[in-house]
Amino acid sequence: MKAEQTFTQHAQRAFKHRSFAAGAVIVLLLVISAAVSLFWTPYPVADIDIPNKLAAASAQHWFGTDSLGRDIASLLLVGSQNSLLVGFIAVGIGVGLGVPLGLWASAQRGWVEEVVMRAADFTFAFPALLSAILLTAIYGPGLVVSITAIGIFNIPVFARITRAAANAVWSRDFTLAAKAAGKSKWAITWEHVLPNVASVLIVQATVQFAIAILAEAALSYLGLGTQPPNPSWGRMLNEAQSQMFQAPMLAVYPGIAIALAVLGLNLMGDGLRDLLDPRLARTR
Amino acid sequence: MSTHSATHPTHPLLSIRNLRVALPTSRGQVEALRGVSFEMQRGQTLGLIGESGCGKSLTALAIMGLLPNGATVSGSIALNGTELTALDDDGLCKLRGARMAMIFQEPMTALNPLHPIWKQIAEPLQLHQVMDLVSAKARALELLERVQLPRARERLDNYPHQLSGGQRQRVMISMALACKPDILIADEPTTALDVTVQKEVLGLIRQLVAEDGMGLLLISHDLGLMRDQVQRVMVMYGGTVVESAPTEALFGMRAHPYTQGLFAARPQLGLKRGTRLQTIAGNVPDIFNWPSGCAFADRCSYVKDSCRQALPQLELVPDAHKTRPDDSHWVRCPHWQKLGASV
Amino acid sequence: MGALPPLAKVGGICMTRTAPILLDVQQVSQRYALPRPSVFAKAGHIQALNNVSFQLMAGKSMGVVGESGSGKSTLARLVMALEKPTQGQVIFKGQDLNALPQANLQAARSDFQMVFQDPYGSLDPRQKVLRIVAEPLHSKLHGVSGQSLSASDLKDLAAQALSEVGLRPSDLDKYPHEFSGGQRQRIAIARALITRPALIVADEPVSALDVSVQAQVLNLMMDLQDRFGLSYLFVSHDLAVINLMCDDVIVLQHGQVVEAGLADDIFQRPQHPYTQTLLSAIPGLSH
């Protein structure tokens with residue numbers, strides 16, 4: 001008799017949770033779009049077809065064409081690559097730097113904790129988007145700079161949440177037992193604290209992923225994010241502005257794409273919170 | 001147990017008949033209480049004793065109507081003749097705090113950390129007796145003095161975290177007694193307190209209950225506590241009452257094998273160092289796997305085949321000193337006589 | 001209260017020191033700083049322990065009785081060298097634990113282990129029982145303290161520890177949430193036993209358990225003591241349990257030892273008013 005539930009049992013339980021299931025399906029769609037677009041799109045995104053510009057949705061162009069005759073469906077697909085890339089890297093920066101900071105602050109307590117938390121407060125004091133704009137003004141617009149800017153603002157988020165969750169774990173007796181066994185603070189942090197805060201971090205990561213996508217869309221809309229000719233949902237929105245009365249759908253498609261991506265991630269994060277926390281917190 | 005009406009022409013204060021509660025779980029509805037029946041008269045003190053999972057707290061919650069959503073209740077709970085299971089939430093709200101009150105184990109979580117204590121005591125007064133704020137505050141002070149909270153006047157504006165555990169429990173008692181309810185249910189009221197404070201708080205409860213002529217249902221896992229505090233003890237196991245007797249009768253003789261095991265397992269001051277305690281073999285059955293017959297069958301050294309077939313009925317243990325039906329000693333075991341009840 | 005004479009002279013009976021002194025706590029005090037009430041005010045202090053001394057002989061058990069705020073848990077942590085005392089020494093098998101270099105302290109730790117009160121908090125819910133029980137051996141795995149153990153050695157030792165507490169080797173593969181409170185406490189005891197310590201500090205090990213389960217765990221602890229010659233430093237508020245398990249007792253109130261001596265003497269003829277109050281407060285005793 002297996003002592004622990006198998007992966008399929010976990011998966012079955014997960015998909016019974018409506019939020020998670022809905023969110024996961026949407027996110028999966030996003031990932032598939034990005035993956036597929038690496039190899040194939042209905043039309044090459046660089047192809048300009050002026051005679052067919054601003055065409056309505058049809059069998060040839062599922063979502064129509066934009067002001068330069070580019071196929072919107074293809075643009076959306078390749079744009080999803082962009083969004084995913086931003087999400088992963090920005091959250092990666094936040095987790096990679098923020099989580100160790102939070103763990104360090106929690107393990108050391110005292111002045112280390114004070115300094116780290118005040119530094120986090122300091123960073124929070126700056127409005128994230130405006131600071132990103134500032135950075136692009138200094139270093140020039142582009143995908144790399146905007147990802148970095150968004151990533152930097154993820155660091156204090158993860159530092160704070162990691163520290164809070166880690167403090168709760170340190171107050172439990174099993175860390176004391178590990179100390180009594182002679183383990184160092186770092187060994188305890190790695191072996192006991194981190195696995196027990198992981199669920200909180202996973203949930204936060206999905207939330208920050210969604211925020212990163214929104215932030216990149218906003219920067220691209222302002223012309224500071226992904227630069228042409230690389231497609232970006234945010235920039236599609238900007239380009240659609242001038243065509244608002246001739247082809248309003250041009251704004252709708254990327255808008256829905258962004259909204260759907262964010263919705264999917266938030267639903268998935270919500271579902272993960274329910275699925276991961278009570279099971280781990282279950283004591284009796 | 002249902003033959004009391006001849007000697008008690010008025011309603012008993014609390015009458016519970018065949019109370020069954022099923023709880024919603026991930027595997028569907030599971031029966032947690034399997035037919036609890038007892039009566040409480042005005043001014044009587046009853047104790048419910050048992051270990052984790054026996055259903056004692058659930059019984060209290062069922063009486064108060066505080067079961068989780070999705071729980072199904074069948075059977076009858078009558079308070080002063082009013083059938084509680086027939087009331088909707090509004091009806092129960094009118095009774096809670098006013099006619100029946102409950103105090104809980106952990107006073108820190110039972111009190112709102114954001115309200116000063118006078119406000120929390122005033123709440124039932126404002127709700128049920130429609131008092132204005134000024135009179136409610138004055139009455140709160142009276143109540144705090146009655147529960148012997150030291151320096152009550154200065155403490156009125158204190159928040160729960162500024163008080164010690166014993167003091168918070170006193171606040172909770174005054175909240176419960178604010179509207180002079182007919183019945184007080186105390187669910188492990190002193191388990192979280194030091195033993196010296198425990199003695200004071202229990203003494204206080206007993207005194208107030210006697211002064212107001214309330215019925216007291218005291219729930220605990222501590223046998224010694226029962227001996228000091230209640231007139232009658234009911235032992236619960238596996239969702240039913242397995243033995244029920246006046247306190248001294250129970251401490252004189254145990255008829256049910258589980259009660260015998262429970263008494264024998266206690267460490268007592270008189271024991272010689274290193275004496276091995278008597279244990280009950282096996283473990284409490286999982287709520288999902290309750291046996292069809294007697295819940296104790298798998299752990300009982302005297303089990304017979306008939307025990308597993310159906311839940312045993314209550315049998316009377318005759319007692320020459322019995323003067324009233326209230327003093328009867330009941331046991332849910334058909335073979336108790338052959339066991340040789342232990343002393 | 002002035003300092004009490006060492007246990008050897010209590011009651012006028014001179015106990016001959018045939019058994020070696022396992023644990024010698026000498027005038028230990030512990031002070032904690034409180035958070036400042038405001039930026040300009042000075043931080044206050046709390047005196048958790050004040051000049052506590054006692055000696056525990058090998059093979060014997062000592063009970064520490066006290067209510068909340070008595071300092072008993074602080075004392076347990078100090079004996080386990082999980083904290084350093086503000087004053088005083090904790091001398092285990094002749095060595096001052098707080099004066100030892102890190103490597104020596106690490107080696108000494110396998111000789112004293114702890115069992116905690118909360119069976120639900122003292123086991124890491126994310127680890128399997130094997131890892132939990134084998135944790136005190138972790139230094140031996142890497143050959144830090146001389147002998148080196150392989151992973152399969154660890155597994156054998158863990159399986160053996162589990163069977164000594166009445167669980168099965170197949171339980172090694174399970175997670176703590178699959179066990180009841182009493183079983184988890186057994187796992188905690190197995191973890192404490194695995195290095196064959198001379199001393200086990202038990203901080204209210206049965207207080208969170210049901211009466212019948214408590215009896216099982218106490219019997220187990222007594223069996224283990226007989227079998228392995230363990231000493232217990234048994235911290236509890238329950239006088240009946242302490243009387244059952246311990247030869248000697250110290251009574252703590254507000255961080256000070258108010259009474260110390262043989263358990264039989266203290267419980268039958270308590271001298272200090274606080275001890276008398278504690279005894280009279282036991283429910284059910286007046287009958």
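## Sheets and chain contacts in a predicted three-chain model

In chain B, four strands form an open sheet of 4 strands with antiparallel pairing, in the order S2-S1-S4-S5. Strand S2 (28-40) and strand S5 (82-83) of chain B occupy the edges; each has a single partner strand, so one side of each is left without a neighbour in the sheet. The model described here is predicted.

At one end of the chain B sheet, strand S4 (residues 72-79) of chain B runs antiparallel to S5(B), and 2 bridges join these strands. Within this pairing, B:Ala78 has B:Glu83 in S5(B) as its bridge partner. A helix also packs on the sheet: helix H1 (residues 56-64) of chain B lies across strand S1 (14-25), S2 and S4 of chain B. The direction of H1(B) is at about 80 degrees to S2(B).

**Chain C**

The secondary structure of chain C consists of 10 helices and 10 strands. A compact globule of 287 residues would have a radius of gyration near 19 Å, and the 20 Å of chain C agrees with this. Along its principal axes, the C-alpha trace of chain C spans about 55 × 55 × 50 Å. Of its 287 residues, 46% count as buried. Among the contacts in chain C with a separation of 6 or more, 68% are accounted for by residues 24 or more positions apart.

Chain C contains an open sheet of 6 strands with mixed pairing, ordered S6-S7-S8-S3-S9-S10. Its edge strands are S6 and strand S10 (256-262) of chain C, each of which pairs on one side only. From one strand to the next, the twist of this sheet averages 15 degrees. As general background, strands of a sheet pair through backbone hydrogen bonds, in either a parallel or an antiparallel sense. Strand S9 (residues 248-253) of chain C pairs with S10(C) in the antiparallel sense, over 6 bridges. In this pair, C:Gln253 stands opposite C:Gln256 in S10(C).

**Contacts between chains**

There are 2 pairs of chains in contact, and chains B and C share the most contacts. Chain A and chain B are joined by no contact; their closest C-alpha atoms lie 11 Å apart.

The contact between chains C and B takes 27 residues from chain C and 31 residues from chain B. On the side of chain C that touches chain B, helix H7 (211-228), helix H8 (239-245) and helix H10 (273-280) of chain C each supply at least two residues. H7(C) provides the largest share of that side, 7 residues. By class, the side of chain C that touches chain B comprises 14 nonpolar, 10 polar and 3 charged residues.

The contact between chains C and A takes 24 residues from chain C and 20 residues from chain A. Strand S6 (112-115) and helix H4 (138-141) of chain C each contribute at least two residues to the side of chain C that touches chain A. S6(C) is also an edge strand of the 6-stranded sheet. The residues of the side of chain C that touches chain A divide into 9 nonpolar, 7 polar and 8 charged.

The table sets out the class composition of the two sides of chain C.

| Side of chain C | Nonpolar | Polar | Charged |
|---|---|---|---|
| Touching chain B | 14 residues | 10 residues | 3 residues |
| Touching chain A | 9 residues | 7 residues | 8 residues |

How values were computed. Residues numbered from 1 in each chain as written. Chains lettered and ligands numbered in written order. Predicted model: local features only at pLDDT ≥ 70, side-chain atom pairs only at ≥ 80, totals over all residues. Contact = placed C-beta atoms within 7 Å. Nonpolar A, V, L, I, M, F, W, Y, C, P; charged D, E, K, R; others polar. Rg over C-alpha atoms; globule rule 2.2 N^0.38 Å. Buried ≥ 20, exposed ≤ 12 C-beta atoms within 10 Å, placed from the backbone. Pairing = 2+ DSSP bridges. Axes fitted to C-alpha atoms, helices over the stretch in contact; angles between N-to-C directions.
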